[in-house]
Amino acid sequence: MRICLYVGKAAPPEKQEEWLANAKSTCDVYASNLYREFTARGHEVVFASSLAGQPREQTEEHAQKRID
């Protein structure tokens, strides 16, 4: 099973191990613990950046279009 974890800013796949080993924020620590537990049970874990979900300069009109 593939599990997607949304984190503040996901590291690129080639730097993922380093990012998980040097977790600094609470979100990173949770992601690291979940990654360890899910992979120990045979699941594939991918990370996605939750910050990329909505651009900062997005207007209310554009936000509503994305929701619709």
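Two strands count as paired when DSSP finds at least two bridges between them. By that test β1 and β2 make a pair, with 6 bridges in the parallel sense. Everything below refers to a predicted model.

**View 1. The whole chain, read from start to end as β-α-α-β-α.** The protein has 3 helices and 2 strands. Of its 68 residues, 22% are buried. The accessible surface adds up to about 5500 Å², and carbon and sulfur atoms account for 52% of that. If you take the contacts between residues at least 6 apart in sequence, 64% of them join residues at least 24 apart.

**View 2. How far to trust each part, by pLDDT.** Averaged over the protein, pLDDT is 82, and 81% of the residues reach 70 or more. Helix α2 has the highest mean among the elements, at 91, while helix α3 (residues 60–67) has the lowest, at 68. Where pLDDT is low, the predicted coordinates should not be read in detail.

**View 3. Strand β1 and its two faces.** Look along residues 2–7 and you'll see the side chains take turns. I3, L5 and V7 go to one face and are buried. R2, C4 and Y6 go to the other face and are not buried. R2 is a clear case: it counts as exposed because its relative accessibility is 58%, and the cut-off for exposed is over 50%.

**View 4. The β1–β2 pairing, with Y6 and A48 picked out.** Strand β2 covers residues 44–49 and runs parallel to β1. Y6 of β1 sits opposite A48 in β2. A48 also makes a handy landmark for P12, a residue in the loop between β1 and α1. The C-alpha atoms of P12 and A48 are 9.6 Å apart, although the two residues are separated by 36 places in sequence. P12 itself is partly exposed, at 38% relative accessibility.

**View 5. A salt bridge between the strands, R2 to E44.** Side chains of opposite charge can pair when their charged atoms come close. In this view the side chains of R2 and E44 meet, with 3.3 Å from N to O. R2 belongs to β1 and E44 to β2, so the bridge ties together parts that are 42 residues apart in sequence. E44 is partly exposed, with a relative accessible area of 42%, whereas R2 counts as exposed.

**View 6. A small network made of R36, E37 and R41.** Salt bridges link these three residues. E37 takes part in two of the links: one goes to R36, where the closest N and O atoms are 3.5 Å apart, and another to R41, at 2.7 Å from N to O. E37 is partly exposed, with a relative accessible area of 34%. R36 is partly exposed too, at 46%. R41, at 57% relative accessibility, counts as exposed. Over the whole model, the count of salt bridges comes to 3.

**View 7. Inside the largest nonpolar core.** Nine residues make it up: I3, L5, V7, W19, L20, A31, Y35, V45 and F47. β1, α1 (16–21), α2 (26–40) and β2 each give two or more residues to this core. β1 gives the most, with 3 residues. Those are I3, L5 and V7, on the buried face of that strand.

**View 8. What surrounds I3.** Set aside the neighbours within four places in sequence, and I3 is in contact with F38, H43, E44, V45 and V46. E44 turns up here as well as in the salt bridge with R2. V45 is, like I3, a member of the largest nonpolar core.

**View 9. L20, a core residue from helix α1.** L20 is buried because its relative accessible area is 8%, and the cut-off for buried is under 20%. Leaving out neighbours within four places in sequence, the contacts of L20 are A31, S32, Y35 and F47. A31, Y35 and F47 share the largest nonpolar core with L20. R36, from the salt-bridge network, can be used to set the scale: the C-alpha atoms of L20 and R36 are separated by 9.4 Å, with their positions 16 residues apart along the chain.

Key:
Residues are numbered from 1 along each chain as its sequence is written. This is a predicted model: local features need pLDDT of at least 70, side-chain atom pairs count only at pLDDT 80 or more; totals for chains, interfaces and linings use all residues. Side-chain values use heavy atoms; hydrogens and water are left out. Buried means under 20% relative accessible area, exposed over 50%, partly exposed in between (1.4 Å probe, protein chains only). Helices (H or I, at least four residues) and strands (E, at least two) are DSSP runs, numbered from the N terminus. A salt bridge is a side-chain nitrogen of Lys or Arg within 4 Å of a carboxyl oxygen of Asp or Glu. A nonpolar core is a set of buried Ala, Val, Leu, Ile, Met, Phe, Trp, Tyr and Cys residues joined through side-chain atoms within 4.5 Å. Contact means heavy atoms within 4.5 Å. pLDDT is the predictor's confidence in each residue, from 0 to 100. Accessible areas come from the Shrake-Rupley method with a 1.4 Å probe; for residues, only the protein chains shown count as cover.
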